[in-house]
Amino acid sequence: MLARAPAPEVCAALNVTVSPGPVVDYLEGQNATLLCHVSQKRRKDSLLAVRWFFAHSSNSQEALMVKMTKLRMVQYYGNFSRSAKRQRLRLLEEQRGTLYRLSVLTLQPSDQGHYVCKVQEISRHRNKWTAWSNGSSATEMRGVSRHPVERGAFLGISFLILPHSLPFTTDLIVVSFLQSS
């Protein structure tokens, strides 16, 4: 009788980081680039499945946006599979098995939120795909309007109140508007 090998240890932690982060600001209309770094794998022969999730806030449920499969095929999910959204998302493998780039083109206010990169290390074991390790990391993207008033760019408003010659009246003169550039 042949002895069976013990089952492998499954789901150890992968070291995954997202940059820039933990918070990044972009202007509306710009293109945003988020990088997902995988600093080590557990097995030489393994492949990685990389998924990006989005949530409008830290309290809302994450939605799967896009996935790069273990065979490096890109798949879009839910609302992100619609043509208009899909054309604005790009997921590329920059360095094999270590660096993945998510680009969000022509940012809109609805793109503000939390972006989470989840990576799963997979390989064949006894003719089945087995997950060996998982890791995830997140960043918050804040979209900032181009218009200074909308983005809260006023640093301050100075007023000068001068006495008027008649009692109980004053003139209001705005001296300056300070705004960020």
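Hi everyone, let me start with one residue: cysteine 36 is buried, and its relative accessible area comes out at 0%. What we're looking at is a predicted model, so please keep that in mind as I go.

Where does cysteine 36 lead us? Its sulfur is 2.1 Å from that of cysteine 117, and the two form a disulfide. Searching the whole structure turns up 1 disulfide. Cysteine 36 sits in strand E4 and cysteine 117 in strand E10, so this pair ties together parts that are 81 residues apart in sequence. Cysteine 117 is buried too, with a relative accessible area of 0%. For those of you who like torsions: the one about the S-S bond is about -85°, so the disulfide is left-handed.

Now, on to the sheet around E4. Four strands make up an open sheet, in the order E2-E4-E9-E8, with antiparallel pairing. Which strands stand at the edges? Those are E2 and E8; each has a single partner strand, so one side of each is left without a neighbour in the sheet. From one strand to the next, the twist averages 20°.

Let me zoom in on E9. Of its 6 residues, 5 are buried, so to speak a mostly covered strand. E9 runs antiparallel to E4, and 6 bridges join the two. Our cysteine 36 stands opposite tyrosine 100 of E9, while leucine 35 has arginine 101 as its bridge partner there. As a reminder, side chains in a regular strand alternate between the two faces of the sheet.

E9 also has E8 to pair with: 6 bridges again, and again antiparallel. Glutamine 95 is partnered by leucine 99 in E9. The E8 and E9 hairpin has 3 residues between the strands, and glycine 97 in this hairpin takes a positive phi near 70°.

Finally, the core. How many residues does the largest nonpolar core have? The count is 27, and the residues with the most contacts inside it are Trp52, Leu102, Tyr115, Val119 and Met141. Several strands supply at least two residues each, among them E4, E9 and E10. In soluble globular proteins, nonpolar side chains do tend to be buried together.

Take valine 119 from that list. Leaving aside residues up to four places away in sequence, valine 119 touches, among others, Leu14, Val38, Leu48 and Val50. Another of its contacts is Cys36, which brings us back to the buried cysteine I opened with.

Thanks, and I'm happy to chat about any of this!

Note on methods: Residues are numbered from 1 along each chain as its sequence is written. This is a predicted model: local features need pLDDT of at least 70, side-chain atom pairs count only at pLDDT 80 or more; totals for chains, interfaces and linings use all residues. Side-chain values use heavy atoms; hydrogens and water are left out. A nonpolar core is a set of buried Ala, Val, Leu, Ile, Met, Phe, Trp, Tyr and Cys residues joined through side-chain atoms within 4.5 Å. Buried means under 20% relative accessible area, exposed over 50%, partly exposed in between (1.4 Å probe, protein chains only). Contact means heavy atoms within 4.5 Å. Two strands pair if DSSP finds at least two bridges between them. Axes are lines fitted to C-alpha atoms, for helices over the stretch in contact, and angles run from 0 to 180 degrees between N-to-C directions. A disulfide is a pair of cysteine sulfur atoms within 2.5 Å.
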